[in-house]
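Please study the sequence and the structure shown below before attempting the exercises. Each task is followed by a worked solution.

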Amino acid sequence: MRSYKATMVEPVRLLDRADREAALREAGFNVFNLDSSDVFVDLLTDSGTGTMSNEQWAAMFTGDEAYAGSESFRELEAAVRDVMGFERIVPAHQGRGAENVLYGALVTEGDVVLNNAHFDTTRAHVAANGGDPVDCPVPEARDGDSDHPFKGNFDVETGRRVVEEVGAENVPAVVLTITNNSMAGQPVSVANTREVAAFADDIDATFVVDACRFAENAYFVQRREDEFAGESVAAVAREQLSYADACVMSGKKDGLVNAGGFVGLRGEDAAGRGPSGNPTQSDDDLYERCRQRGILFEGFSTYGGMSGRDLAAFAVGLREAVEPPYVAERVAQVEALCDALADRGVPVYQPAGGHAVYVNANEALPHLPREQFPGQALVCELYREGGVRAVELGRFAFPDTDRADLVRLAVPRRTYGPDHLEHVADTAAAVCEKGEEVTGYEVVSEPPMPELRHFSAELRPVDENAHAPSQ
Ligand SMILES: *Cc1c(COP(=O)(O)O)cnc(C)c1O
């Protein structure tokens, strides 16, 4: 049951089918180009799309807009220290700003960065700095039927093999993404975190946790990893993050805000309070390099592209993210959507991830060859059929990978009710029922960086007559 009630609402409407068809055409069959007012249930992303609490709105009124030394920055610093255990932060406007700060400081031409699976912006930032992003998922990650409890884990064997090939000196960073967004939002165990930390230590690499969904991940650990049964989500989160040398955080996920981010680092905080780990000279060097890059790209080190009120709401949101009723209901809502889809025969990746349900478009639309982007066809059809906006995370988003064509239905935090999600499940079932009537797509224009293709490419249906507006 929801652990909150709505005291502010925003109307949504379902356009007529003909208007949805026209909007989709106008958008070049890329749902990133749709106006949100033309979308009924928006599951494009859980990033910055959630609902803030009354406490967060109240905190915004006390935002300190000072350029330097803002009180609101101190509040965020304290929340990060208490909730996540990092003593120092370099603030950024959102997660990718933090990635630019950190990976620009760590990665140089010819380097290799290892990750359980790079998220799209992470991959792009490693590549933009001349690095080669290599994924090391466990084999179970690719199996949507395996009931392995931690399919987000990092496969250290794969990591060691890559290091043997390229040399440890060329691997400056090992990254663990929790939960693993590009692998169906699957969680990572604390045991695996310890193993990856030891591996990074062995090869003298900086161990980075991409902590965007650290609270959702901690909730899975509490439920699935024996050692942590009976521990609080907050205690698990601190334990898991304690092994990292650095973290990248997007406040738009488990920060429960609409914008914001930071790099979390080890060392003494401004008040001289000591570290929980062992800060080394290299911790200080890394902090200083990040701080300078932060000033260059994001803004001075006590705001980093956020307004004072953003900082204040972020500080409150981080503390709310590990509260048991919130995080339990959040993950349960995603699981309920997954069950509703499975009950209707929609081929979903199981078990559900923490923030999203992934539909396998190769199974849903088996008549479409992979070159015709079955994932994107499913995305277009969900909008046509029910005004539902999802996102493709298969061949269209990741041109060079052999991954399945998954479509992600990401659930915004504290935003939709069970009736909305029921509508989504009914819509997806109706699309699957249409089967071979659904046409494939081809790309008509795309941007120069393949890593960013799905944000702005335009497409057209292979069979122009498949969805004549009169239907
Ligand atoms: C969202 C996300 C990012 C980037 O954060 P933004 O705030 O969208 O820039 C990085 N890593 C992961 C795993 C993410 O989900």
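The exercises below treat domains, sheets, buried elements, cores and cysteines in turn.

The model is predicted, so local features need pLDDT of at least 70 and side-chain atom pairs count only at pLDDT 80 or more, while totals for chains, interfaces and linings use all residues. Residues are numbered from 1 along each chain as its sequence is written, and side-chain values use heavy atoms, with hydrogens and water left out.

**Exercise 1. Domains**

State which domains the protein has and how many residues each gives to the contact.

Solution.
- Step 1. The assignment gives domain 1 (17-39 + 324-461) and domain 2 (54-321); such bounds come from an automatic or database domain assignment.
- Step 2. Taken over C-alpha atoms, the centres of domain 1 and domain 2 are separated by 27 Å.
- Step 3. To the contact, domain 1 gives 26 residues and domain 2 gives 34 residues. Contact means heavy atoms within 4.5 Å.

**Exercise 2. The sheet of 7 strands**

Determine the strand order of the sheet with 7 strands, and identify its edge strands.

Solution.
- Step 1. Helices (H or I, at least four residues) and strands (E, at least two) are DSSP runs, numbered from the N terminus. Two strands pair if DSSP finds at least two bridges between them.
- Step 2. The order in this open sheet is 2-8-7-6-5-3-4, with mixed pairing.
- Step 3. Strand 2 and strand 4 are the edge strands, each pairing on one side only.
- Step 4. From one strand to the next, the twist averages 20°. For such angles, axes are lines fitted to C-alpha atoms (for helices over the stretch in contact), and the angles run from 0 to 180 degrees between N-to-C directions.
- Step 5. The mixed character can be followed in two pairs. Strand 2 and strand 8 (residues 261-265) are antiparallel over 5 bridges, with arginine 88 opposite leucine 265. Strand 3 and strand 5 (residues 173-177) are parallel over 3 bridges, with valine 113 opposite alanine 173.
- Step 6. Helix 3 (residues 71-84) lies across strand 2, strand 7 (246-250) and strand 8, at about 125° to strand 2.

**Exercise 3. The sheet of 3 strands**

Explain why one side of strand 9 and of strand 11 is left without a neighbour in the sheet.

Solution.
- Step 1. This open sheet has the order 9-12-11 and antiparallel pairing.
- Step 2. Strand 9 (356-360) and strand 11 (391-393) stand at the edges with a single partner strand each, so one side of each has no neighbour in the sheet.
- Step 3. Neighbouring strands here are turned by 35° against each other on average, direction ignored.
- Step 4. Strand 11 pairs with strand 12 (residues 406-410) over 3 bridges, and glutamate 392 stands opposite valine 407.
- Step 5. Helix 12 (residues 324-343) lies across strand 9 and strand 12, running at about 25° to strand 9.

**Exercise 4. Buried or exposed?**

Decide whether strand 2 and helix 5 are enclosed by the rest of the structure or not.

Solution.
- Step 1. Buried means under 20% relative accessible area, exposed over 50%, and partly exposed in between (1.4 Å probe, protein chains only).
- Step 2. In strand 2 (residues 88-92), 5 of the 5 residues are buried, so this strand is largely enclosed.
- Step 3. In a regular strand the side chains alternate between the two faces of the sheet. In strand 2, Arg88, Val90 and Ala92 are buried on one side, and Ile89 and Pro91 on the other.
- Step 4. In helix 5 (residues 120-128), 7 of the 9 residues are buried, so this helix is also largely enclosed.
- Step 5. The cover of its buried residues includes helix 4 (95-106), strand 6 (206-210) and helix 16 (453-456).
- Step 6. Glycine 130, with a positive phi near 85°, follows helix 5.

**Exercise 5. Cores and cysteines**

Describe the nonpolar cores, and state how many disulfides a search of the whole structure finds.

Solution.
- Step 1. A nonpolar core is a set of buried Ala, Val, Leu, Ile, Met, Phe, Trp, Tyr and Cys residues joined through side-chain atoms within 4.5 Å.
- Step 2. The largest core has 64 residues, of which Met84, Leu114, Val174, Phe214 and Leu318 touch the most other members. This core draws at least three residues from each of domain 1 and domain 2.
- Step 3. A second, separate core of 60 residues includes Ala340, Tyr349, Ala410 and Ala428.
- Step 4. A disulfide is a pair of cysteine sulfur atoms within 2.5 Å; the search finds 0.
- Step 5. For cysteine 136, the nearest cysteine sulfur, in cysteine 212, is 19 Å away. The sulfur of cysteine 432 is 13 Å from the closest one, in cysteine 338, which is too far for a bond.
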